[in-house]
Amino acid sequence: MASLEKVSSNRVSTGYLTKYKFPSSSLGGLSTQFNVFIPSSASENSTVPVLFYLAGLTCNEDTGAQKGGFLNTAGEEGIAIVFPDTSPRGAGVEGEDDDWQLGTGAGFYLNATAEKWKKHYNMYDLVVKELPEVLKGANLGLDFSRWSITGHSMGGHGALSIYLKNPGLFKSVSAFAPACNPSKTPWGINAFTNYLDYKTRSSPPSEWLPHDTSHLLQNYKGDVNILIDVGTEDDFLKKGQLEPESISSQNKKGVEVRLQDGFDHSYYFISTFAPEHVAFHAKFLKA
């Protein structure tokens, strides 16, 4: 198992935000960085629950940690927060730095199956499997039997789809302005066309549906704990990238979709509602 190298550490809220890096087998051996906020109540003998935050397109492991407004409430609740990167860095894939919606900063939290991308672009495995195992091995006082996940935009898609693909692994999920129906909207169509090897001629291809939150929720068996916030003045909502109605129209018990009047897609929106999201997860993480 890879060992962590500390990059930096800052006192914040009731604990410390520390950046680490390690060589990731999920990302083809490339070094990846992440931030983890650990409240002072955490120790090997007194572990704390864990919340992952997945950031959106063009962002990295610093964006949510520095702008999101999560840490004071997390400190008060005694919850650790992990902020992974959004993609591999320096994979050398042709074209990975040509389009802000694909490649670097745009890993879409899936495992690529297309030949060009599949060696390095395996963010699903990094988030769900490798990073938790590395953190457990570091004995930082994190309790992965109490684990929830949240995210923004592309990261909201990632959080929701990861939660729904893994029944029972996470206690709850929340999302800010997520791409809810990516198999039918421009961001997802672009990502899935490039990252996924698909043979079917259906529209959308059946190989895309396991990565589509609206499809996953429709076929999910069991109870869910889902909170979604979308701003009414979000330009990407108006451009048809988000489609929260694909979730709300299913009228599933345990799913709350809130339209927040006047808010846009930015971290002003996220930081306004981040304390509510942390408190939402705390209900289930500390139950």
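**Note on salt bridges, cysteines and two bent helices**

1. Asp229 counts as buried, its relative accessibility being 0%, and this value, like the others in this note, belongs to a predicted model. The partner of Asp229 in a salt bridge is Arg258, with the closest N and O atoms 2.7 Å apart. Because Arg258 lies in strand β9 (residues 255-260) and Asp229 in strand β8 (residues 226-231), the pair ties together parts that are 29 residues apart in sequence.

2. How many salt bridges are there in the model? The count comes to 12 salt bridges, one of which joins the side chains of Glu77 and Lys286 at 2.8 Å, N to O. This pair links distant parts of the chain, since Glu77 belongs to helix α2 (residues 71-77) while Lys286 sits in the segment after α9 (267-285), 209 residues apart. Glu77 is partly exposed, with a relative accessible area of 24%, and Lys286 is likewise partly exposed, with a value of 43%.

3. A further salt bridge brings together the side chains of Asp85 and Arg89, again with an N to O distance of 2.8 Å. Here the two partners fall into separate accessibility classes: Asp85 is buried, with a relative accessible area of 3%, whereas Arg89 counts as partly exposed at 35%.

4. On the cysteines, the structure holds zero disulfides, a disulfide being in general a covalent bond between the sulfur atoms of two cysteines. Why is the sulfur of Cys180 not bonded to the closest cysteine sulfur, in Cys59? The sulfur of Cys180 is 17 Å from that of Cys59, which is too far for a bond, given that a disulfide requires the two sulfur atoms to be within 2.5 Å. Seen from the other side, Cys59 is in no disulfide, and the cysteine sulfur nearest to Cys59 is that of Cys180. Cys59 is buried, with a relative accessible area of 11%, and Cys180 is buried as well, with a relative accessible area of 0%.

5. Helix α3 (residues 123-137) has 15 residues, and the distance from its first C-alpha to its last is 20 Å, close to the 21 Å expected at 1.5 Å a residue. Within α3 there is nevertheless a kink of about 40 degrees at Glu130, shortly before the proline Pro132. Both Glu130 and Pro132 are among the buried residues of α3, a list that also includes Met123, Tyr124, Leu126 and Leu135. What covers the buried residues of α3 includes the strands β2 (15-23), β3 (31-39), β4 (48-54), β5 (80-84) and β6 (142-152), together with helix α4 (154-165). Just after α3, Asn139 takes a positive phi of about 50 degrees.

6. Where does helix α9 bend, and which proline follows within four residues? The bend, of about 45 degrees, is at Phe273, and the proline that follows is Pro275. Phe273 is one of the buried residues of α9, which also include Tyr267, Phe269, Ile270, His277, His281 and Leu285. At the N-terminal end, α9 is capped by Ser266, a side-chain oxygen of which lies 3.2 Å from the backbone nitrogen of Tyr268.

Technical notes:
Residues numbered from 1 in each chain as written. Predicted model: local features only at pLDDT ≥ 70, side-chain atom pairs only at ≥ 80, totals over all residues. Heavy atoms only, no water. Salt bridge = Lys/Arg side-chain N within 4 Å of Asp/Glu carboxyl O. Helix = DSSP H or I, 4+ residues; strand = E, 2+ residues; numbered from the N terminus. Buried < 20%, exposed > 50% of the residue type's maximum accessible area, 1.4 Å probe, protein only. Expected span 1.5 Å × (residues − 1). Bend = angle between axes of the 7 residues up to and from the residue. Contact = heavy atoms within 4.5 Å. Polar contact = N/O pair within 3.5 Å; in protein donor to acceptor, adjacent residues only side chain to side chain.
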